[in-house]
Amino acid sequence: MTSTSSAAPTAAPVGGGAIEIRGLSKRFGSVQAVDDVSLSVRAGEFIALLGPSGSGKTSILMSIAGFELPDAGSISIDGEDLTYLPASQRNLGMVFQKYTLFPHLSVLDNVAFGLKMRGVARAERHRLAEEALATVRLAGYGKRMPAQLSGGQQQRVALARAIVYRPKVLLMDEPLSALDKNLREEMQLEIKRLQSQLGITVVFVTHDQGEALTMADRVAILNQGRIQQLDAPKALYERPRTRFVAGFIGETNFVPVQVGSLRAHGALVQLPGGAAPREVRNDALVGRVAGSSTAVAALRPEQISLGRADAPGALGATITGVIYSGSTVLCIARLADGTELRARLPDPSRVTVASGDRVGLLWPDEALRIYGEEVSQEAKKEVGKEADRKGAAR
């Protein structure tokens, strides 16, 4: 990592802007890219927009930036409506997936280019550009040309160019996707350090779930133009509110189960493989879970441990594959009815099972989540309207 000279000035905190998005919709021909999205981002917060290709995350970012105009809805920052304001008048920083540095300009002139377009005098824009370079730990690199920099250094120049005019909001569109793994992880920490130092609000688009969970204060999971869940990383991973989120974040085993009788504190659930029914608490029942119905159980591989096939409470299985992957070992186990479960074990040196071995699968009671019929967005709205009507009647 490039160090900054102790004498180099760095940018003082600028504070962040609060973003308010209400009912945002955007259609491209027959494709509904963004479908009635509402999102509040607190001043100084780091929000990641995460989802598969075509989920709407980049369309939301481009609408905030002003490069796309929404078909419906509104966008405001610190109470100022920016919905149809030209991008050049929004005073937002933007970092793209491709660095788009001018190859014929020096690093200093690349960073200062936006200030030049705004009519800032040469001496002042160079002073501000040097300050921005120092903030991203590239003090002394101003005279170099982009071709003389590594990929990580070019990314830092792009960051410096985005913050040089001290915007309250920084928008980032998959800015680390072109970097190798080690450099990408280094830049994740660097961007977090920069955001903390400046106090700036960041909206970060990525398709890399590890990146989102590592960097963001909150993560919005999108699918088919809608937010499936907006939550802190820990809550997203441990308490996914939909089957889509459970499958998108991390590794998950999904198995069909039969829901037996409902009880005051939960429900009895019969897993495949002939084990005794298990009681699942109400807070782990997601969607419409009815008695005597079919549902889907979700179980993280790292929550499963291996024991004896006849251990009390264990689900008997046969190991069909053992895959070493560095810090963990992935064991694939088949139940008596053919259902496969994956167990990810944390200590490879202690894993002694092999294909063909009989084992018992064990996990904590709280590890199991049951997903019943999902409630549609329209149904949720109707429930909300009914609650409002009842509240008004009181």
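The second largest pocket of this predicted model is lined by 23 residues, and those lying nearest its centre are Glu-238, Glu-366, Ala-367, Leu-368 and Arg-369. The space inside the second largest pocket comes to about 420 Å³. Which elements supply at least two residues each to this lining? They are helix H7 (233–238), strand S13 (278–281), strand S15 (293–299) and strand S21 (369–371). Among the contributors, S13 gives the most, with three residues. Sorted by character, the lining of the second largest pocket holds eleven charged residues, ten nonpolar ones and two polar ones.

Strand S15, met in that lining, also pairs with strand S11 (residues 253–263): seven bridges join the two, and they run antiparallel. One place to find this pairing in the structure is Phe-254, whose bridge partner in S15 is Ala-298. S11 pairs with strand S12 (residues 266–270) as well, again in the antiparallel sense, over four bridges. Here Leu-262 stands opposite Ala-267 in S12. The link from S11 to S12 is a hairpin through two residues.

The largest pocket comes next. About 510 Å³ of space lies in the largest pocket. Its lining is made of 21 residues, and Phe-67, Leu-92, Met-94, Arg-118 and Tyr-165 lie nearest the centre. At least two residues of this lining come from each of strand S6 (93–95), helix H2 (107–117) and helix H4 (151–163). Which of the elements gives the most to the lining of the largest pocket? H2 does, with four residues. The lining of the largest pocket divides into 14 nonpolar residues, five polar and two charged, whereas eleven charged residues were counted in the lining of the second largest pocket.

Two of the helices at the largest pocket, H2 and H4, can also be followed as a pair. The axes of H2 and H4 come within 7 Å and cross at roughly 30 degrees. The crossing of H2 past H4 is right-handed. On the H2 side the contact is made by Val-107, Asn-110 and Val-111, and on the H4 side by Val-157, Ala-160 and Arg-161. Of the residues in this contact, four are nonpolar, one is polar and one is charged.

Strand S6, the other element named at the largest pocket, belongs to an open sheet. Six strands form this sheet in the order S6-S7-S8-S3-S9-S10, and the pairing is mixed. Which strands sit at the edges of the sheet? S6 and strand S10 (226–231) do, each pairing on one side only. On average, neighbouring strands of this sheet are turned by 15 degrees against each other, direction ignored. At one end of the order, S6 and strand S7 (residues 169–173) pair in the parallel sense over three bridges. Within that pairing, the bridge partner of Gly-93 is Leu-170 in S7.

Helices lie across the six-stranded sheet too. Helix H5 (residues 181–198) lies across S3, S7 and S8, and runs at about 140 degrees to S3. Helix H1 lies across strand S3 (46–50), S6, S7, strand S8 (201–206) and strand S9 (218–223), at about 145 degrees to S7.

H1 is also a way into a second open sheet. Helix H1 (residues 57–65) lies across S1, S2 and strand S4 (72–77), running at about 115 degrees to S1. These three strands are among the four that form the sheet, in the order S2-S1-S4-S5, and the pairing is antiparallel. The edge strands here are strand S2 (31–41) and strand S5 (80–81), each of which pairs on one side only. Strand S1 (residues 19–28) and S2 pair over seven bridges. An example is Ile-21, whose bridge partner in S2 is Leu-39.

Another set of pairings is built around strand S17. Strand S17 (residues 315–324) pairs with strand S18 (residues 329–334) in the antiparallel sense over six bridges. In this pairing Gly-321 stands opposite Ile-332 in S18. The hairpin of S17 and S18 has four residues between the strands, and Gly-326 takes a positive phi near 90 degrees there. S17 also pairs with strand S20 (residues 358–362), in the antiparallel sense and over four bridges. There, Ala-317 stands opposite Val-359 in S20.

Note on methods:
Residues are numbered from 1 along each chain as its sequence is written. This is a predicted model: local features need pLDDT of at least 70, side-chain atom pairs count only at pLDDT 80 or more; totals for chains, interfaces and linings use all residues. Side-chain values use heavy atoms; hydrogens and water are left out. On a 1 Å grid over the protein atoms alone, a cavity is a set of points where a 1.4 Å probe fits but cannot get out, and a pocket is an open set with protein on both sides within 12 Å along at least five of seven lines; lining residues have an atom within 4 Å of a point. Grid points are joined across faces, edges and corners, and a volume is the space filled by probe spheres set on the points. Ala, Val, Leu, Ile, Met, Phe, Trp, Tyr, Cys and Pro count as nonpolar, Asp, Glu, Lys and Arg as charged, and the others, Gly among them, as polar. Axes are lines fitted to C-alpha atoms, for helices over the stretch in contact, and angles run from 0 to 180 degrees between N-to-C directions. A crossing is left-handed if the near helix is turned anticlockwise from the far one by less than a right angle, and right-handed if clockwise. Contact means heavy atoms within 4.5 Å. Two strands pair if DSSP finds at least two bridges between them.
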